[in-house]
Amino acid sequence: MKKNLWLGALGALVVLLTVAEAKVMINAAGATFPNPIYGKWIEEFAKVNPDAQINYQSIGSGGGIRQFTEGTVDFGASDMPMTDEQIAKFKNKPMHFPTVLGGIVPSYNIPGMTQDLKFTPEALAGIYLGKIKKWNDPEMSKANPGVKLPDNEIVVVHRSDGSGTSFVFTDYLSKVSPEWKSKVGSSTSVSWPVGLGGKGNEGVSGVVKQTPYSIGYVELIYALQNKMAYGFLRNAAGEYLKADLESVTEAAAAAAKDMPADFRVSITNQLGKKAYPISTFTWLLIPSKIDDAAKKKAIVGFLHWMLTDGQKYTGSLGYAPLPKSVVANEEKQIALIK
């Protein structure tokens, strides 16, 4: 009897080990910007591909690029394209795959304020340079006639970690403010002139929500999920726009026509009346050669699914889908993975 029980237990263990071996474990890390949709995609992809298990860590674009470069993850994710210098560290040139589009919004916490505020590029740059210190500064009052702005100090909030969201935000500020470009510049990490730091989009959202009279920059989905106020921003055509799917898509439309073959492009401050000025693609960073055949099959399968079925989930999570022309070009690039 005991022998039969032992053999039964051994058989069950063998089955469990066989199932475990059949599962392909994929580790990835990077941007917090697309974390909500990546989580949804991974959940849905597992339903149709149960043998592929993807683990994504939302640690920021800087961390994603670092871990991808060090080889501790199978692929990375970033809201900032890798630089030529970063790419040069790889024997096998990494590929950039745009996944979705999003907008970065100026979110604020002003007690009692019910109106949606308007921000000029000059005001936003001035606030983050530490030159505009109060909410009722003339630059803010000029953009918001008839709105009673408080005579309170502005509490500035920014990212404390290496962040693609920071890169996109500072890339925009560098385009609209010569002073910002010369004094601070654009990068995943900059020397902020003023402000408090929060880790990830989650961290910045949390600090803004808990701090009266604060302002922070967050990806649109985080503002929506946390029911945070966010403002209109004057674009390059002089129109005040509030980020939504239409205005973010419009920003990508012009850029898609001239997108480089490697997909590394900035779409901030695009011309066009309906183009939201702080819009961006976000990218998966994929090795051009994947030696493990099972991992290659799983990653390639995920990329194909992401570009087709996965795009259906974008709107409900506050992201804009990829232009069809970009999807077509990405499908060609997937075929180049060795």
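Begin by selecting Asn-109 together with Ser-214: Asn-109 stands opposite Ser-214, a residue of strand β8. The model on display is predicted, and this tour proceeds outward from that pair of residues.

**Strand β8 and its partners**

Extend the selection to the whole of β8, residues 214-219. The strand is mostly covered, with 6 of its 6 residues buried. Colour the two faces separately to follow the pattern. Ser-214, Gly-216 and Val-218 lie on one side, while Ile-215, Tyr-217 and Glu-219 lie on the other; both faces are covered.

Next, add β4, which spans residues 95-109. Strands β4 and β8 run antiparallel and are joined by 6 bridges. Then add strand β6, residues 155-159, which pairs with β8 in the parallel sense over 3 bridges. To locate this pairing in the viewer, select Val-156 and its bridge partner in β8, Ile-215.

**Ser-166 in helix α7**

From Tyr-217 of β8, move to a residue that touches it, Ser-166. Ser-166 belongs to helix α7, residues 164-176. Is Ser-166 buried or exposed? Its relative accessible area is 1%, and Ser-166 is therefore buried, the cut-off being under 20%. Leaving aside residues up to four places away in sequence, Ser-166 also touches Arg-159, Ser-187, Thr-188 and Trp-192.

**Helix α2 and Tyr-38**

Now select helix α2, residues 35-48. Its 14 residues should span 20 Å at 1.5 Å a residue, and the C-alpha atoms at its ends are 20 Å apart, in agreement with that expectation. Display the side chains of Pro-36, Ile-37, Tyr-38, Trp-41, Ile-42, Glu-44 and Phe-45, which are buried in α2. What do the buried residues of α2 pack against? The elements are β2 (52-58), β3 (75-78), β4, α10 (220-225), β12 (279-286) and α12.

Within this helix, centre the view on Tyr-38. Tyr-38 has a relative accessible area of 3% and is buried. Not counting residues up to four places away in sequence, Tyr-38 touches Tyr-56, Ala-77, Thr-99, Thr-282, Trp-283 and Leu-284. For the next stop, draw a distance from Tyr-38 to Leu-117: the two are 79 residues apart along the chain, and their C-alpha atoms are separated by 31 Å.

**The sheet β5-β10-β11**

Select β5 (118-119) and β11 (240-241), then strand β10, residues 232-234. These 3 strands form an open sheet in the order β5-β10-β11, with mixed pairing. Strands β5 and β11 stand at the edges, each with a single partner strand, so one side of each has no neighbour in the sheet. Strands β5 and β10 run parallel and are joined by 2 bridges. Select Lys-118 and Phe-232 to display a bridge between them; Phe-232 is the partner in β10.

**Helices α12 and α13**

For the final stop, select helix α12, residues 293-307, and helix α13, residues 324-334. Two packed helices are described by the angle between their axes and the distance between the axes. The axes of α12 and α13 come within 10 Å and cross at roughly 170 degrees. The two helices are therefore roughly antiparallel to each other. On the α12 side, the contact is made by Val-300, Leu-303, His-304, Met-306 and Leu-307; on the α13 side, by Val-327, Glu-330, Glu-331 and Ile-334. Colouring these residues by class shows 6 nonpolar, 1 polar and 2 charged in the contact of α12 with α13.

How values were computed. Residues numbered from 1 in each chain as written. Predicted model: local features only at pLDDT ≥ 70, side-chain atom pairs only at ≥ 80, totals over all residues. Heavy atoms only, no water. Axes fitted to C-alpha atoms, helices over the stretch in contact; angles between N-to-C directions. Helix = DSSP H or I, 4+ residues; strand = E, 2+ residues; numbered from the N terminus. Parallel < 35°, antiparallel > 145°, perpendicular 65-115°, else oblique. Contact = heavy atoms within 4.5 Å. Nonpolar A, V, L, I, M, F, W, Y, C, P; charged D, E, K, R; others polar. Expected span 1.5 Å × (residues − 1). Buried < 20%, exposed > 50% of the residue type's maximum accessible area, 1.4 Å probe, protein only. Pairing = 2+ DSSP bridges.
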